[in-house]
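Visitor: I have a structure open in front of me and I am new to this. Could you show me how to read it, feature by feature?

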Amino acid sequence: MQTIILYIGRDTEITGVMNRLLNARPEWKGICVCTDEEAIEICQTQPIDLVLLGNGIDAACEKALRAKLTEVKPGLKIIQHYGGGSGLLYGEIMTAISQDF
Amino acid sequence: MSQFILHKENTRGHANHGWLNAHHSFSFANYYNPERMHFGVLRVLNDDLIDGGMGFGSHPHDNMEIITIPLAGAIAHKDSMGNSAVIKSGEIQVMSAGTGVSHSEFNANAGEQLNLLQIWLFPNKKNVTPRYDQQSLDVAASHNNFQQILSPNADDAGVWIHQDAWFSLGNFDEGFETEYKIKKAGNGVYAFVISGEVTINGQVLGKRDAIGIWDTDSISFKANTAGAEVLLMDVPMELN
């Protein structure tokens with residue numbers, strides 16, 4: 001069964017890399033967007049398991065995003081992704097899906 | 001009462017990609033060990049051997065303080081901020097990835113292996129403006145002394161980063177003893193033995209062994225062999 005992961009980051013290059021990394025593993029399906037509106041729409045229409053908050057999301061946007069996404073999907077796991085690449089990605093996702101939030 | 005955790009050399013994660021032989025003190029890339037996720041804000045300590053002329057093509061980073069210390073050889077760095085530099089053994093490089101930066105890293109010498117430590121710390125502030133710096137280390141000052149090579153302060157010794165962390169490097173004569181005082185309440189120290197044998201807080205450590213110590217104000221240190229070299233990473237134990 002695939003874990004469906006929504007990545008949100010403002011930098012288009014990093015978002016492209018994250019899209020490639022997340023979809024390189026058969027056990028993950030990655031959907032990567034740059035805007036909060038796209039993220040909310042995807043969360044409303046797709047069975048998202050985990051949200052990764054990437055680069056450039058300021059504190060106010062993060063607060064609003066977390067509130068909206070958990071309103072759309074109560075209990076949704078939302079974590080910060082650090083590093084912008086493959087270095088920490090596997091560990092972050094494995095930790096998130098093994099923990100009860 | 002102080003607490004500690006030992007990370008012996010042979011318990012590190014290992015990935016041999018041919019051109020890259022990497023040892024990971026904490027979970028990194030495909031190495032995942034839930035018991036080895038971080039020591040405070042210290043998230044990555046990679047000990048990389050890179051073949052001549054080989055390296056990492058352009059790749060992005062964000063929201064991480066990335067410190068590179070070549071132990072042998074030299075690394076050629078280029079980034080999207082316009083920096084192009086070679087960092088040699090005896091120097092330190094720092095990059096605050098912040099909102100996002102791309103860079104490439106290659107062994108600068110075709111006929112020589114490069115050995116480097118790459119260290120990633122969680123920043124104390126997200127989405128900072130990316131920045132880059134490199135400095136020569138004062139090798140003489142690190143003889144029988146934990147010489148500061150990194151701090152949170154731009155006007156202090158060494159490079160600076162967006163985190164309340166201090167790194168010190170020392171090279172010691174056999175039998176030399178000293179005490180290291182932790183710089184900030186709430187910080188712990190992760191001591192990584194680059195070479196030789198030392199005793200830290202009563203624990204004997206060999207080459208590439210490490211010990212993390214917290215809930216204390218200071219640590220005791222003794223060099224058991226000549227030329228023992230140790231990197232101390234004094235870092236906040238609380239994640240931001």
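Guide: Gladly. Keep in mind that this is a predicted model. We begin with the largest nonpolar core, which has 76 residues.

Visitor: Which residues have the most contacts inside this core?

Guide: They are B:L121, B:L150, B:A165, B:Y190, B:A191 and B:M233.

Visitor: Which strand gives the most to this core?

Guide: Look at strand β22 of chain B, residues 228-236. That strand supplies six residues. The core also draws on two domains of chain B: at least three residues come from domain 1 (12-132), and at least three from domain 2 (140-236).

Visitor: Let me pick one core residue. What is B:M233 in contact with, leaving aside its neighbours within four places in sequence?

Guide: A contact here needs C-beta atoms within 7 Å. By that test, B:M233 touches B:L42, B:A165, B:F167, B:V189 and B:Y190.

Visitor: Now the domains. How is chain B divided?

Guide: Into domain 1, residues 12-132, and domain 2, residues 140-236. Their C-alpha centres lie 20 Å apart. Each side of the contact is counted separately: 18 residues from domain 1 of chain B and 18 residues from domain 2 of chain B. On the domain 1 side, β4 (42-50), β6 (65-72) and β9 (91-96) of chain B each supply at least two residues.

Visitor: What does a database record add?

Guide: UniProt, in an unreviewed entry, lists residues 149-235 of chain B as "domain: Quercetin 2,3-dioxygenase C-terminal cupin". Over those residues the chain is 0% helix and 59% strand. The end C-alpha atoms of that stretch are 14 Å apart.

Visitor: How do I read a sheet? What is the order of strands in the open sheet of four strands in chain B?

Guide: Go from one edge to the other: β16-β21-β18-β19, with antiparallel pairing. The edge strands are β16 (177-181) and β19 (203-205) of chain B, and each pairs on one side only. Neighbouring strands are turned by 25° against each other on average, direction ignored.

Visitor: How many bridges join β18 to β21 in chain B?

Guide: Three, between residues 198-200 and residues 218-223, and the two strands run antiparallel. For one bridge, find B:T199: its partner in β21(B) is B:K222.

Visitor: And chain A? Which residues of helix α4 are buried there?

Guide: Helix α4 of chain A spans residues 89-98, and A:L89, A:G91, A:E92 and A:I93 are buried. Next, ask what they face. The buried residues of α4(A) pack against β1 (3-8), α1 (12-22), β3 (50-53) and β4 (77-80) of chain A.

Conventions
Residues are numbered from 1 along each chain as its sequence is written. Chains are lettered from A and ligands numbered from 1 in the order in which they are written. This is a predicted model: local features need pLDDT of at least 70, side-chain atom pairs count only at pLDDT 80 or more; totals for chains, interfaces and linings use all residues. A nonpolar core is a set of buried Ala, Val, Leu, Ile, Met, Phe, Trp, Tyr and Cys residues joined through C-beta atoms within 7 Å. A residue is buried if 20 or more other C-beta atoms lie within 10 Å of its own, exposed if 12 or fewer, and partly exposed in between; C-beta atoms are placed from the backbone. Domain bounds come from an automatic or database domain assignment. Two residues are in contact if their C-beta atoms, placed from the backbone, lie within 7 Å. Two strands pair if DSSP finds at least two bridges between them. Axes are lines fitted to C-alpha atoms, for helices over the stretch in contact, and angles run from 0 to 180 degrees between N-to-C directions. UniProt positions are given in the numbering used here, feature names are shortened, and annotations may be inferred rather than shown by experiment.
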